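User: I would like a close look at a single part of this model, one helix and what surrounds it. Please then set that part within its chain and its partner chain, and explain the terms as you use them.

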Amino acid sequence: MAHFDLTPPISEAHVRALKINDTVTLQSTLFGLRDATQIHLFDRGRRTRFDLRGHAVIHTAPNVKPVEKSAAHPAGYAPICVGTTTSDRMERFTRPLMTQYGVRIIIGKGGLREDSLAAFRELGGVYLAIIGGTAALETTWIEQIEDVDLDDLNPESLWKFRVCGFGPLLVAMDSHGGSLYDVVRNDAQARRAQVLQSLGVKPE
Amino acid sequence: MKIDYRLVEEAAKELYLRALKVLPPDVKEGFARLAAQETTPIAQRVLATMIKNISVAEDTDNLLCQDTGVPIYNVSIGTNVDIDGIALKRAIRDGCARATVEHPLRSSIVHPLTRKNDQTSCGVEVPVIHVDWSETPDTLEIEMIPKGSGSENNSFLKMAIPAEGVDAIRTFVVDCVLAAGGKTCPPTIVGVGIGGTSDLCVALAKRAATRALGTHCSDPEGTKLETELSAAVNALGVGPQGLGGDSTAFAVHVELAATHITMNPVAVNMQCHSARRARATFTPSGVAYGF
């Protein structure tokens, strides 16, 4: 269980050094996207001008405030509350994010599934778990909204955040086939019969 | 008692913001209880972060969670209250929109087919407004619940049959908690609706999921089921955020209604750990805020 301080973009070698139960703190750049962002990128043929190669993306749609563009707010938005949404809905976008845009790190809550784990293994990627519902804390790690693309989808725009000390985040799925969610799910499923028995439910 | 609808509008706005920023004391106590009992190191860390977030939100006057949810207003009208229902609903809707625009908040509400977002947290039938009556004289209560989507997306209904008995209910609840895993942002309040019609059953599950911790089903059989199911779901080991541990649910809450001789419906609705709610009570002496 090692801790890594990472400043994306990172290489395949960097990402493959990460193992489940390691922790990561991110510095500098983080991109935010969500359901609609990826539906438009991968189902409706739109493209982003951002270079996501080697970068980290977080499943988010933040609360923001439109403000005058300035050095502090170059995109014309001030962050109000930036949190994380449930990743599972966006399972099928992991692979195209990696193959078409070169993303290396996905940050979210609740975990992803088999195809994402396979994509992490084949292409070199990880899933970092953040604690869902702790957005007030998460917002203190965001320095500014540097840029925004696909903003007609607001709040599900493609956000470029500048972050400082974003974490610690938990490596919950790695590039070696490891998934904490699989371990917990299999363990919970194995306990099901015993739990039902404790409730006096007759075996099916 | 006469109602000033400008005050209702103000309260509808204020309630949305309060609910998003400050957790009710019973939920904070629930966190303290889980943290004291948790035996898994990773789950202890997760709970500690959640508890820290509650104080960061209060210290920075920020939202607990980015999800502004589906706004729900539960209105309870006491006796001797002179109400214009249309004006009341309009005032609540306007207050909800003003909270969104003036704070500002993320509008999480879209048209279900076009996915268009009016950026007001309002749309067809949203905010959801439920109206009920109470026997308390000269009192109007408005409870506001921003219902997060991570937990709401894990809502389940089973039209079981009488021959399957209460075992069908027990098995269904356990399987819903397993299916939801970490997607609902556990630890959750697992709301179970039992009986009624299909729509009433689902409404009961929501009422159960959004009830204060420490309260119990008014039916003794329902209370018994709450106790046994709370222990059962926490024995599954799903844990906070689905990363393993003892703290899968703060509690299982049951609400029930009579049902048909041929029916045995059960519904599950979950509330995430950010179990947010706020309450305004209107009396002749003014408006008081609480939970």
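Analyst: What follows starts with the helix, moves outward to the loops and the contact between chains, and ends with each chain as a whole.

The model is a predicted one, in which local features need pLDDT of at least 70 and side-chain atom pairs count only at pLDDT 80 or more, while totals for chains, interfaces and linings use all residues. Residues are numbered from 1 along each chain as its sequence is written, and chains are lettered from A and ligands numbered from 1 in the order in which they are written.

The helix chosen is α6(B), residues 165-180; helices (H or I, at least four residues) and strands (E, at least two) are DSSP runs, numbered from the N terminus. The end C-alpha atoms of α6(B) are 24 Å apart, which agrees with the 22 Å that its 16 residues should span at 1.5 Å a residue, the expected span being 1.5 Å times one less than the number of residues. Within α6(B), the buried residues are Ile169(B), Arg170(B), Thr171(B), Phe172(B), Val173(B), Val174(B), Cys176(B), Val177(B) and Ala180(B). A residue is called buried if 20 or more other C-beta atoms lie within 10 Å of its own, exposed if 12 or fewer, and partly exposed in between, with C-beta atoms placed from the backbone.

Which elements cover these buried residues of α6(B)? From chain B the cover includes β4 (156-160), β5 (188-195), α8, β6 (249-257) and β7 (264-271), and from chain A it includes α6 (180-198); contact here means that the C-beta atoms of two residues, placed from the backbone, lie within 7 Å.

The chain continues from α6(B) into Gly181(B), whose phi is positive, near 50°. Cys185(B) then lies in the loop between α6 and β5 of chain B, and its phi is also positive, near 60°, although this residue is not a glycine. Most residues other than glycine have a negative phi, and most peptide bonds are trans. Cys185(B) counts as buried because it has 31 C-beta neighbours inside 10 Å. Asn80(B) is another non-glycine residue with a positive phi, of about 65°, and it sits in the loop between β1 (70-79) and α4 of chain B; with 11 other C-beta atoms within 10 Å, Asn80(B) is exposed. A cis peptide bond, with omega near 10°, runs from Val126(B) to Pro127(B), and Pro127(B) belongs to the loop between α4 (85-102) and β2 (128-137) of chain B.

Two of the strands that cover the helix, β6 and β7 of chain B, are joined by a loop that holds Thr259(B). Thr259(B) counts as partly exposed, since it has 16 C-beta neighbours inside 10 Å. Its contacts, leaving aside neighbours within four places in sequence, are with Gly195(B), Gly196(B) and Pro265(B). Pro240(B), by comparison, is 19 residues from Thr259(B) in sequence and 35 Å from it in space, C-alpha to C-alpha.

Turning to the partner chain, the contact between the two takes 42 residues from chain B and 42 residues from chain A. On the side of chain B that touches chain A, at least two residues each come from α3 (41-59), α6 (165-180) and α8 (220-234), and α3(B) gives the most, with seven residues. The residues of this side divide into 18 nonpolar, 16 polar and eight charged, where Ala, Val, Leu, Ile, Met, Phe, Trp, Tyr, Cys and Pro count as nonpolar, Asp, Glu, Lys and Arg as charged, and the others, Gly among them, as polar.

Chain B as a whole has eight helices and nine strands. Its radius of gyration is 19 Å, which agrees with the value near 19 Å that a compact globule of 291 residues would have; the radius is taken over C-alpha atoms, and the globule rule is 2.2 Å times the number of residues to the power 0.38. Of the 291 residues in chain B, 48% are buried, and among contacts between residues at least 6 apart in sequence, 79% join residues at least 24 apart.

Chain A has six helices and nine strands. With a radius of gyration of 18 Å, close to the 17 Å that the globule rule gives for 204 residues, chain A is as compact as a globular protein of that length. Buried residues make up 50% of the 204 in chain A.
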